[in-house]
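Me: Please take a close look at one part of this model for me. I would like the surface and its surroundings in one connected account.

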Amino acid sequence: MHNPENINKQIANLAIPNIISNFSVPLLGAVDTALMGRLESEHYLGAVGIGGIIFSFIYWGFGFLRMATTGLTAQAFGEKDIPECGRLLLRAICIGITSSLLLLCFQWQIADISFHLIDASPEVENLARTYFYIRISAAPATLCLHAFHGVFLGLQNAHYPMSLTLVVNLVNIVLNLIFVQTLGMKVEGVALATVIAQYIGLFLAILLFFGRYRNILTTWNLREVLVFSKLKRFLSISGDIFIRTCCLVFSHAVFTAKSATLSDTFLAINTILLQFISILSYAIDGFAFAAESLIGKYKGAQDMRNLKRTIGQAFLWAFLFGGVIMSVFVVVGERLLHLFTNQMHLIEGAKPYLFWVTIAPVINVAAYIWDGIYLGATASKALRNSVFISTALFLGSIYLLMPLGNHGLWGALTLLLVARGVSLTVLAPKYLFKPDAFQ
């Protein structure tokens, strides 16, 4: 059991690498946006925006491969059941490979359904389809990387995920610049760069795992990996997380689709502004990932005292960091727009809506941190129930606020985050602090 005074140090050791690696993710999105935003037509920017939201459905939907694996691995680590950590990796990889093969088999149906639901112009749709059919080939690498990230974080190792994320995204950015600026490719260059980078990342993950954790796999056999009760628990938690994630991605897809119905210009504007939200979410998620790892460990060790202290300190640091990000947005928000596009009509069109991304750093913190806490505790039913409530409120607010145009869209998106934070706060005493929460 760790002493209470070590909580802040542990949070820092886990959060700082996660923040560094997470910042490279929106950086990649920013580079994609900037490259497409400087081409001769705004259709390229819209295509990457729509393609991105489709893959958010796919890869965020399978985010349970990381989330469930992190919580369960951290709990096994807290219980000092190290062989189970290895079995959890193998379970996640088996599910990831099977899922990716299904995605590849049904890619044409997925594309048809996706573009039927998103009402974009024919020009944007044709470009987005090109992007989709190239990038989908990265599915096996991407889903297996989820599993490796989950196990590394569960083992309280945030440095390996940081290294993987930095390498993948830096390779992706370099290839983007080569393919688009040097070779003259457009959306196909952005998609191909992502595919190559993902497979390089998977190769590196395998090297890192066997370099340090080879002994974890020395005692496993297939029967232990596929034991029914363990597999059932993994799939049950994963199912709840899958539903939760699909609801969130669906909400963001509705936001993007409604943006497209306003006009291609508003679609491009909101694609740019969502980069601000990405910067925020990935920064605060550094603390959420730290909480996830520590909460899982303390749940496994039956250490309620340090579990509660971790929750309090994670919120404190996250709100302080959120305040810093809000201050940055206030001071340089308008200047940041120029990083994403040189088209003045998009920059001027985005300025009236900077208010929404400026207030987001404080409003969104509770939802992000609670997510990490509940995932570490594998309290997946609470996450599922919370998102049902929040999504219903979001869809209702879209209906009521859509007459206000783009301000209505951003108001509804903000309400979604508020509802998530409030509902998870209300559910905490039942799912986190009762004695049977450890069962």
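Reply: A patch here is built from residues with over 30% relative accessible area and no salt bridge, and nonpolar side chains are joined within 5 Å. The model is predicted.

Start with the nonpolar surface patch. Its area is about 500 Å². Six names make it up: Ile-389, Leu-393, Leu-415, Val-418, Val-422 and Val-426. Two elements, helix H17 (380-401) and helix H18 (406-431), each give two or more residues to this patch. H18 provides the largest share, four residues. Val-418 is a patch member, and Val-418 lies in helix H18.

Now follow H17 away from the patch. Arg-384 lies in this helix, and Asp-240 lies in helix H11 (residues 228-262). Their side chains meet in a salt bridge, 3.0 Å from N to O. The pair therefore ties together parts that are 144 residues apart in sequence. In general, side chains of opposite charge can pair when their charged atoms come close. The structure holds eight salt bridges.

For a helix pair elsewhere in the chain, turn to H8 (residues 159-182) and H9 (residues 187-212). They pack at an angle of about 155°, with axes 8 Å apart. Angles over 145 degrees count as roughly antiparallel, and H8 and H9 are therefore roughly antiparallel to each other. Their crossing is right-handed. The residues of this contact divide into 17 nonpolar, six polar and one charged.

Terms used: Residues are numbered from 1 along each chain as its sequence is written. This is a predicted model: local features need pLDDT of at least 70, side-chain atom pairs count only at pLDDT 80 or more; totals for chains, interfaces and linings use all residues. Side-chain values use heavy atoms; hydrogens and water are left out. Axes are lines fitted to C-alpha atoms, for helices over the stretch in contact, and angles run from 0 to 180 degrees between N-to-C directions. Angles under 35 degrees count as roughly parallel, over 145 as roughly antiparallel, 65 to 115 as roughly perpendicular and the rest as oblique. A crossing is left-handed if the near helix is turned anticlockwise from the far one by less than a right angle, and right-handed if clockwise. Ala, Val, Leu, Ile, Met, Phe, Trp, Tyr, Cys and Pro count as nonpolar, Asp, Glu, Lys and Arg as charged, and the others, Gly among them, as polar. Patches are made of residues with over 30% relative accessible area and no salt bridge: like charges are joined within 9 Å, nonpolar side chains (Val, Leu, Ile, Met, Phe, Trp, Tyr) within 5 Å. Accessible areas come from the Shrake-Rupley method with a 1.4 Å probe; for residues, only the protein chains shown count as cover. A salt bridge is a side-chain nitrogen of Lys or Arg within 4 Å of a carboxyl oxygen of Asp or Glu.
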